[in-house]
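This report walks through a structure, taking its charged contacts, its helix packing and the arrangement of its chains in turn. Please keep the sequence and the coordinates at hand while reading.

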Protein chains: 2
Amino acid sequence: MTVQLDSVTQQIATITKAARTAQKTLGRASRAEKDAALAVMAEAIDANRAAILEANAKDLQRGQENNTADALLDRLQLTDERIDGLVSALGELASLPDPIGNVLRGNNLPNGIRMQQIRVPLGVVGAIYEARPNVTVDIAGIGIKSGNAVILRGGSAAETTNGVTISVLRDALEANGLPADLIQGIDELGRDGANALMTYRGGVDVLIPRGGPGLIRTVVEQAAVPVIETGAGVGHVFVDASADPQKAVDVVFNSKTHRPSVCNAAETVLIHKDAKETGVNVLNTLQSSGVLLHVDPTAATWVTDAVAATEEDWATEYLDMEMSVKIVDDIAEAIEHVEMYSTGHTEVILTENLSNAERYIAEVDAAVVMINASSRFTDGGQFGLGAEIGISTQKLHARGPMGLEELTSTKWILRGDGQIRH
Amino acid sequence: MTVQLDSVTQQIATITKAARTAQKTLGRASRAEKDAALAVMAEAIDANRAAILEANAKDLQRGQENNTADALLDRLQLTDERIDGLVSALGELASLPDPIGNVLRGNNLPNGIRMQQIRVPLGVVGAIYEARPNVTVDIAGIGIKSGNAVILRGGSAAETTNGVTISVLRDALEANGLPADLIQGIDELGRDGANALMTYRGGVDVLIPRGGPGLIRTVVEQAAVPVIETGAGVGHVFVDASADPQKAVDVVFNSKTHRPSVCNAAETVLIHKDAKETGVNVLNTLQSSGVLLHVDPTAATWVTDAVAATEEDWATEYLDMEMSVKIVDDIAEAIEHVEMYSTGHTEVILTENLSNAERYIAEVDAAVVMINASSRFTDGGQFGLGAEIGISTQKLHARGPMGLEELTSTKWILRGDGQIRH
């Protein structure tokens with residue numbers, strides 16, 4: 001067993017070392033060279049769509065044979081339309097500004113040393129995700145644009161699709177004079193490979209888990225390399241006493257139902273007890289479109305056909321047409337509830353009261369706090385970041401939607417003329 | 001054993017929860033309130049110096065009885081002069097700009113939502129360090145200024161001094177209307193307390209180890225909470241063929257000998273084989289002031305009275321008047337050696353050749369890369385950051401000297417008028 005693991009760790013060491021060597025070449029590449037590579041990658045995905053779809057059909061068939069859930073099969077499936085999306089996303093990446101080399105700070109020190117802090121690539125980025133072959137292309141593209149090599153662990157359910165896709169992307173890099181080892185998959189090393197990637201220090205510079213809460217918790221708890229935690233989304237919408245009735249209905253409905261399966265969908269609505277009329281409208285609207293409500297004792301007197309909320313429900317990310325409902329006495333109780341159960345992703349208040357709006361912004365601790373807007377706006381594309389590698393719910397390095405800049409580090413450059421310290 | 005550990009973890013949970021509650025008050029404090037608290041903290045340290053020095057004398061005596069090394073006893077010792085330094089450092093913190101609330105990015109989205117990204121405190125910052133009672137005051141002050149609560153584990157050697165100091169600082173906070181639990185020590189919980197601080201998720205938002213390589217490795221490997229790795233400093237100075245002879249002697253000498261015991265002191269000099277005359281001058285100057293050279297076979301023919309460098313020496317942080325010496329064929333060999341052995345702290349090239357300078361900057365992967373300047377300039381004070389909590393040698397979140405900004409996170413604020421996503 002120990003021998004087996006050591007051998008896998010050895011393979012991860014070899015793979016990450018090859019990535020590091022390849023990254024040096026990419027680190028010296030100009031923006032034009034990187035953008036040209038992205039264009040060739042896009043063409044290659046387009047040209048090889050038959051092979052990719054064929055591989056995907058095999059993964060889907062295996063999934064069906066294994067009685068995989070429909071939602072997961074849907075995520076696993078590539079279609080011509082989804083491939084079109086991947087091709088155009090690579091094209092859009094090429095059109096984004098290059099973050100590398102940007103000067104962030106700088107000045108002349110009193111002794112004449114000219115100092116500047118510039119953006120540099122992180123180096124080698126690892127990603128662990130589940131049954132989403134589109135993430136393979138997304139992260140590969142974002143990695144290349146930001147000057148990083150990527151190591152991809154896409155999981156056994158999608159391994160045939162990922163294998164073909166990675167092979168197509170590697171060929172595209174080589175055709176463009178860049179090393180193929182900028183993009184490497186480790187699906188064939190299985191779970192042991194994923195574990196070794198998490199624990200082998202000096203391998204990846206950062207590891208990004210993308211997937212369900214279970215996957216993310218596993219990576220965060222087991223990793224010995226730096227991790228950016230993404231996407232845990234138990235978010236709330238608070239309908240304050242002064243909320244505009246129509247905005248409240250629209251924003252809560254949109255936050256819950258626009259796309260319930262994603263991390264920026266709201267999971268709980270908190271309603272001020274004095275906003276009963278608005279609150280009842282909100283809840284009826286949710287129910288009329290099929291949302292199952294998990295209600296506290298007060299809300300149970302406002303609506304019928306709801307189930308009683310359990311303690312567990314307040315911390316549950318339904319990712320489905322279900323929502324927890326709590327009636328609160330005041331904004332303080334709303335903030336206290338959020339503090340207890342929020343995963344710090346996106347928190348929304350609906351209010352027309354200035355001091356309550358300012359208080360919510362100041363006191364609620366989340367990556368994104370919104371006044372009178374749908375939680376669904378927490379998204380790299382909506383924010384205008386152009387590309388998104390995930391939504392960080394941690395406070396270090398990156399918080400909220402992560403774009404190209406969030407995959408960079410910095411370097412201080414000091415240019416002197418023989419200065420010494422006295 | 002399990003019960004014992006659980007009980008300590010329970011105490012860490014209570015302590016960090018109290019810190020989090022206290023931090024909410026600090027998070028709402030204005031700059032004026034925080035600066036007033038810092039001023040009172042400075043006065044309190046000044047007024048209680050007799051009690052602090054008395055406590056320190058007890059720690060020193062215990063250290064002597066335990067045959068503690070002189071270098072460690074020196075770090076452990078507080079003097080009137082050192083206390084003056086702590087008092088004035090707190091005063092200087094008050095004069096620095098407040099990073100909290102700074103707007104980093106922002107714009108109006110196409111749908112009219114006004115978006116901004118602002119700086120917020122991290123929340124609860126843990127620090128684990130060894131036998132440096134001055135760090136207790138430094139980190140407490142930097143924590144308050146940046147809006148964070150701090151949990152301090154200063155180690156058993158300094159626990160009497162730290163205990164008195166923390167008590168003085170807590171009283172000062174309360175006298176100023178801020179909660180005492182913004183500053184808490186956990187020395188009395190011993191090693192189990194330090195372990196629980198490292199592993200209790202949801203306790204501290206970031207843990208900063210400050211001390212020797214052993215301490216830092218332990219924290220990085222064992223922690224389950226986010227860590228910022230600081231201060232591992234195997235740094236090199238490369239004397240290129242075109243280096244100015246006098247600048248080379250001055251900068252290498254200063255980099256090694258100005259303060260050999262700290263992380264920005266250089267540990268290895270790499271000399272281009274064509275710079276033999278300059279190189280011999282550099283090495284003789286080092287030897288004449290008592291630096292023991294560990295030389296490669298070529299350098300062994302340049303100087304006498306040196307010892308042969310072992311493979312281990314290239315990776316050694318001497319923190320003393322010792323230096324490794326390697327003669328290289330060209331800049332490529334220098335970069336290759338740095339890549340192999342550097343801890344990514346500070347790397348220096350001495351050259352008058354523009355393309356070599358640019359190549360070194362581009363290819364050497366370190367927090368700070370310098371041309372023709374002493375490695376000793378890698379320092380928050382020298383960089384003009386005003387305060388320094390350590391020097392990060394990792395790539396995530398912060399790289400290089402960490403000041404107040406590096407103890408902050410960000411929050412996105414979106415102000416809408418009922419916008420929903422279509």
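## A salt-bridge network across two chains

In this predicted model, a network of salt bridges links A:R20 and A:D205 with B:D365, B:K395 and B:R399, and the residues named in that network therefore come from both chain A and chain B. Over all chains, the count of salt bridges comes to 52.

## Salt bridges within a chain

Several individual pairs can be examined in detail, beginning with one inside a helix. In chain A, the side chains of A:R31 and A:D35 meet in a salt bridge, with a distance of 2.8 Å from N to O. Because these residues are 4 apart in helix α2 (residues 31–47) of chain A, about one helical turn separates A:R31 from A:D35. The surroundings of the partners can be told apart by their accessibility: A:R31, at 34% relative accessibility, counts as partly exposed, whereas A:D35, at 13%, counts as buried because the cut-off for that class is under 20%.

A second pair in chain A joins A:E405 to A:R119, and here the closest N and O atoms are 3.2 Å apart. This salt bridge links distant parts of the chain, since A:E405 sits in the loop between β15 (400–402) and β16 (408–419) of chain A while A:R119 belongs to strand β2 (residues 114–121) of chain A, the two being 286 residues apart. The loop residue A:E405 counts as partly exposed at 30% relative accessibility, and the strand residue A:R119 is buried, with a relative accessible area of 13%.

In chain B, the side chains of B:R170 and B:D181 meet in a salt bridge at 3.0 Å, N to O. Helix α7 (residues 159–175) of chain B supplies B:R170, and the loop between α7 and β5 (183–185) of chain B supplies B:D181, with their positions 11 residues apart in the sequence. Both partners count as partly exposed, B:R170 at 25% relative accessibility and B:D181 at 24%.

## An exposed loop residue

A:G202 lies in the loop between α8 (190–199) and β6 (206–210) of chain A, and at 59% relative accessibility A:G202 counts as exposed. Although A:G202 and A:A13 are 189 residues apart in sequence, their C-alpha atoms are 8.4 Å apart in space.

## Two helices packed in chain B

How do the axes of helix α2 (residues 31–47) and helix α5 (residues 80–95) of chain B cross? The axes come within 8 Å of each other and cross at roughly 170°, which means that α2(B) runs roughly antiparallel to α5(B).

On the α2(B) side, the residues that take part in the contact are B:R31, B:D35, B:L38, B:M41, B:A42, B:I45 and B:D46, and they meet B:I83, B:V87, B:L90, B:L93, B:A94 and B:S95 in α5(B). By class, this contact of α2(B) with α5(B) has 9 nonpolar, 1 polar and 3 charged residues.

## How the chains are related

Chain A can be laid on chain B with an RMSD of 0.0 Å by a turn of 180° together with a shift of 0.0 Å along the axis, so the two copies are related as by a two-fold rotation axis. The same surface serves both copies, as 100% of the contact residues of chain A recur in chain B.

Which residue of chain A comes closest to the rotation axis? That residue is A:H397, whose C-alpha atom lies at 1.8 Å from the axis.

Conventions:
Residues are numbered from 1 along each chain as its sequence is written. Chains are lettered from A and ligands numbered from 1 in the order in which they are written. This is a predicted model: local features need pLDDT of at least 70, side-chain atom pairs count only at pLDDT 80 or more; totals for chains, interfaces and linings use all residues. Side-chain values use heavy atoms; hydrogens and water are left out. Copies are superposed by least squares on the C-alpha atoms of residues with pLDDT of at least 70 in both. Contact means heavy atoms within 4.5 Å. A salt bridge is a side-chain nitrogen of Lys or Arg within 4 Å of a carboxyl oxygen of Asp or Glu. Buried means under 20% relative accessible area, exposed over 50%, partly exposed in between (1.4 Å probe, protein chains only). Axes are lines fitted to C-alpha atoms, for helices over the stretch in contact, and angles run from 0 to 180 degrees between N-to-C directions. Angles under 35 degrees count as roughly parallel, over 145 as roughly antiparallel, 65 to 115 as roughly perpendicular and the rest as oblique. Ala, Val, Leu, Ile, Met, Phe, Trp, Tyr, Cys and Pro count as nonpolar, Asp, Glu, Lys and Arg as charged, and the others, Gly among them, as polar.
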